[in-house]
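Good morning, and thank you for joining this group meeting. I should like to take you through one structure, beginning with the overall fold and ending with the surface.

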Amino acid sequence: MNILFCSAGRRCELLKNFRKSMGNEGKIIATDISLTAPAIYMADKYYIVPRIDDDNYIPTILDICKKEEIQAITTLIDPEIMILAENRSKFEEIGVEVLTPYKETAEICFDKYVMYEYLKGKNIRTVLTYSDVASFKEDMSEGKIDFPVFVKPRTGSGSVGARKVENMEILEKSMMEDSSLIIQELMSDALDIDADIYVDTISSQAVSLFSKKKLETKIGGASKTISFKDDKLNQFVSETLQVFKFNGPIDMDFWYRDGEYYLSEINPRFGGGYLHAYGAGVDFVKLIENNINGIENEACFGNYEEDIVMMMYDSVVIEKIEGLLQ
């Protein structure tokens with residue numbers, strides 16, 4: 001398998017895991033806009049490319065795919081997911097599997113309020129969400145929700161701009177200053193749950209799931225997690241995925257309260273917490289390899305131990321400046 005990681009950024013350990021599973025077979029190619037993106041130095045070869053909003057971006061990526069005989073492509077940043085989804089046919093024409101959701105699903109995942117409306121329409125449990133103060137006040141008057149609440153941008157990632165709001169005065173001021181915000185029910189009494197899932201590119205069915213409880217979260221991602229298993233969560237995931245069209249790895253966030261799971265959001269890419277799944281023996285690399293080789297993966301859930309803890313820490317890449325410029 002020859003795989004291309006676009007916008008590799010800081011995801012060094014993920015690329016290391018791919019190399020470990022792939023052994024000496026195949027190539028790992030990485031792209032980024034910067035020579036100081038550490039993860040590109042974990043790849044067999046890297047390319048510095050235009051920004052994703054540049055008109056030459058997709059033609060550049062297609063040329064790399066042809067030159068390196070790429071068989072699968074994915075991105076490690078949210079804004080690029082839609083770009084790859086929209087250009088799926090161009091990659092498929094040259095034999096490249098695009099490991100992102102299909103366009104309609106990508107559009108839903110990218111906008112958190114659209115996601116809420118979609119889930120509500122499909123009768124899938126999720127967190128109460130409002131796009132404006134008026135609709136929030138209406139439900140508040142009916143006793144459906146109360147302060148404190150949580151506000152965050154409709155789009156974006158990494159919890160940028162997300163914060164707790166204690167009263168109406170602050171809420172109205174926040175919404176007036178930033179019209180991109182949405183209002184959400186604060187699930188302070190619920191467990192924060194995350195799951196790494198692989199959706200087979202041939203059957204379009206979920207074939208692997210690794211669930212974990214978040215013990216600590218920093219800069220928008222879980223830095224400490226502990227594995228667990230629950231058939232009820234597996235069933236909820238299976239039912240939820242029937243109304244989407246994913247392709248490859250996804251990261252799903254949930255709340256667990258009063259015996260029920262509530263879907264928070266879906267990141268249709270490798271999540272930062274996938275390192276925990278891989279470390280516990282859940283290897284999506286092999287699943288991708290199978291799909292690339294025309295093999296449909298059989299569903300296998302719960303093939304890991306409970307109470308395995310992941311503790312994330314920082315590391316560094318050291319390179320001489322001359323080497324960066326070659």
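**Overall dimensions and two sheet regions**

The protein chain has 326 residues and a radius of gyration of 20 Å, which agrees with the value near 20 Å for a compact globule of that length; the radius is taken over C-alpha atoms, and the globule rule is 2.2 Å times the number of residues to the power 0.38. Along the principal axes, the C-alpha atoms fill a box of roughly 60 × 40 × 40 Å.

A word on the basis: this is a predicted model, in which local features need pLDDT of at least 70 and side-chain atom pairs count only at pLDDT 80 or more, whereas totals for chains, interfaces and linings use all residues. Residues are numbered from 1 along each chain as its sequence is written, and side-chain values use heavy atoms, with hydrogens and water left out.

The protein chain contains 12 helices and 15 strands; these are DSSP runs numbered from the N terminus, helices being H or I of at least four residues and strands E of at least two. Of the 326 residues, 48% count as buried, where buried means under 20% relative accessible area, exposed over 50%, and partly exposed in between, with a 1.4 Å probe and protein chains only.

Let us turn to strand 9. How many of the residues of strand 9 are buried? In strand 9, residues 181-185, 5 of 5 are buried. L181, I183 and E185 lie on one side, with I182 and Q184 on the other, and both faces are covered. In general, side chains in a regular strand alternate between the two faces of the sheet.

Strand 9 pairs in the antiparallel sense with strand 6 (residues 129-130) over 2 bridges, pairing being defined as at least two DSSP bridges between two strands. Here Y130 has I183 as its bridge partner. Strand 7 (residues 149-153) also pairs antiparallel with strand 9, over 5 bridges, and F150 is partnered by Q184.

Next, the open sheet. Its 6 strands follow the order 14-13-10-11-12-15 with antiparallel pairing. Strand 14 (260-267) and strand 15 (309-311) are the edge strands, each pairing on one side only. Within this sheet, strand 11 is joined to strand 12 (residues 221-228) by 7 bridges, and T217 stands opposite A222 in strand 12.

Finally, the surface. L215 belongs to strand 11 (residues 206-218) and is exposed, with a relative accessible area of 52%.
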